[in-house]
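Here's a quick tour for anyone meeting this model for the first time. Take a look at the sequence and the structure, then read on.

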Amino acid sequence: MESTRTIAALSSAAGVGAIAVIRLSGPQAFSIVEKCIDSGRAFRDSPARHVKLYRFICPSSGKPVDQITAVKFFGPNSFTGEDMVELFCHGGEIVVEKVLSVLIGEGAYPARRGEFARRGFCNNKFDLMHAEAFLGMIESRSGKEYESSLEALMGTSAGRLVGWRERVKALLRDVDASIEFPEEDDVRKSSSRYIERIVEIRKEIEMEVEARGKSHIIEKGIIIPIVGVANAGKSSLFNMLVGYERSIVHWQEGTTRDGVGEEVHIGGERVTILDTAGLRDTDDPVEKLGIRKTIEYVSKAAQVIWVTPANSPMTHIEESLILEKAMGKIAVVISKKDLAEGAEKAEMCGEKKIPFIRSCLIDKGARDALVDFVAEVVKSRIGSLETSSLIRTKRHEIIAKRIIEELKGGEKAVAEGEEILAASLRRVLADFGELVGDTTNEDILDSIFSRFCIGK
Ligand SMILES: Nc1nc2c(ncn2[C@@H]2O[C@H](COP(=O)(O)OP(=O)(O)OP(=O)(O)O)[C@@H](O)[C@H]2O)c(=O)[nH]1
Ligand SMILES: [Mg+2]
């Protein structure tokens, strides 16, 4: 039996660190570690969740391997629901390798990806949504992703799911009762509310799926194009934000012809900044293509940075291609403040309530203020994007959409007969079951847990 094997793995990140965490789980977790500690009795007698310092040895040679601390967790009160040991050794690659190989020599099996979490799930320590929240927490690369994983991890969002499920169950009970006792009046009365009740649940799930759509923007990292007329200083700003001379800066107009993107962390969020071709009338076919791309970025991006020079008046192109098209999602950098005040442009931004900063983009000292400005812009943009802490993965999205379709079918089924409605509601419940992992098959579990790291 596979689950009776005792598994071991490095649970902290591979590489060099002060401390490494090695986990063991399974019926022999305690006895294996006990053999590898020179005062085995001290470990055996140590109570649960108690940290102690030990000398870790190789039992066959008796030679010391490392000085460690270890904690015991008695099943079912552990992450996996089994007996578990968390062992902290020194975080050198060789040390970890030696400790692990001693443990394996004493009968532990190297754990597969996500095997600890899978055992916890199989022992009902948490449901599948919760297990996926661990993964979300580990993988989150932006503050917003972290927040929604945290919400899922703390169980704040699960209440809504339980609520929907209970409401569908209650509805099914009423429908079943009505099938069984068709004459009873109060049952009849409730049947007139079937559609209403289904629509209510469906709309709530639809809102959640819609919010998931917005999470996509964040998961991929929000893309922010820097746009403006030719020679405004876009590439200068881009280089400043990414921290090195990524784009060519030149006094000639039309220097940048293609979108150049670079991922950066700004204000705790993962952002892709995009340098674009400057907007101007040109006959150059390549530049024209670049400009067409810029216009596309302006219309598609969730946030746009518009660079406009202080020393020249606003152009018609800026008015029609940026201001009009990106209203509500632009932030302005008024460049070349060393050459002119740019008072008119600043005034215009003030009037239209557009966030702006005046800057000299050839002054390296201006970088901090620009980064702070962009961080503020990113924060308020991402903060304004409502995301779902419930429908967080493609899997959730697919099942939630199936539930929505099934509920729509249920709405129609009310007219077709209660048996058909009941069958439809049963399918909805099965889908909810799949979401939390009650009715999920082995292949799906394999595909979920294989995305975890080894040691989780
Ligand atoms: N004095 C001054 N010059 C600047 C400033 N910002 C940019 N420049 C200069 O303006 C010229 C154009 O800068 P770029 O950053 O290449 O401008 P761009 O908007 O990328 O231009 P295109 O790619 O041609 O559309 C360069 O010579 C820069 O050194 C500024 O704040 N003050
Ligand atoms: Mg450029």
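Between domain 2 and domain 3, the rule turns up 1 salt bridge, meaning a side-chain nitrogen of Lys or Arg within 4 Å of a carboxyl oxygen of Asp or Glu. This is a predicted model, where local features need pLDDT of at least 70, side-chain atom pairs count only at pLDDT 80 or more, and totals for chains, interfaces and linings use all residues. Residues are numbered from 1 along each chain as its sequence is written, ligands are numbered from 1 in the order in which they are written, and side-chain values use heavy atoms, leaving out hydrogens and water.

**Where domains 2 and 3 meet**
- The domain assignment (automatic or from a database) gives domain 2 as 132-212 + 391-449 and domain 3 as 222-384, alongside domain 1 at 2-124.
- Contact here means heavy atoms within 4.5 Å, and 5 residues of domain 2 touch 7 residues of domain 3 that way.
- About 460 Å² is buried between the two, with 33% coming from carbon and sulfur atoms; that is accessible area (1.4 Å probe) lost on putting the parts together, summed over both.
- On the domain 2 side, Arg-141, Ser-142 and Lys-144 lose the most area to domain 3, together 82% of what that side buries.

**The magnesium ion**
- Ser-235 (OG) and Thr-256 (OG1) are the protein donors of the magnesium ion (ligand 2), 2.0 to 2.1 Å away; donors are N, O and S atoms within 2.8 Å of the metal (3.2 Å for Na, K and Ca), and water is not among the atoms, so sites may look incomplete.
- Ser-235 is buried at 8% relative accessibility, and Thr-256 is buried at 12%, where buried means under 20% relative accessible area (1.4 Å probe, protein chains only).

Key. Buried means under 20% relative accessible area, exposed over 50%, partly exposed in between (1.4 Å probe, protein chains only).
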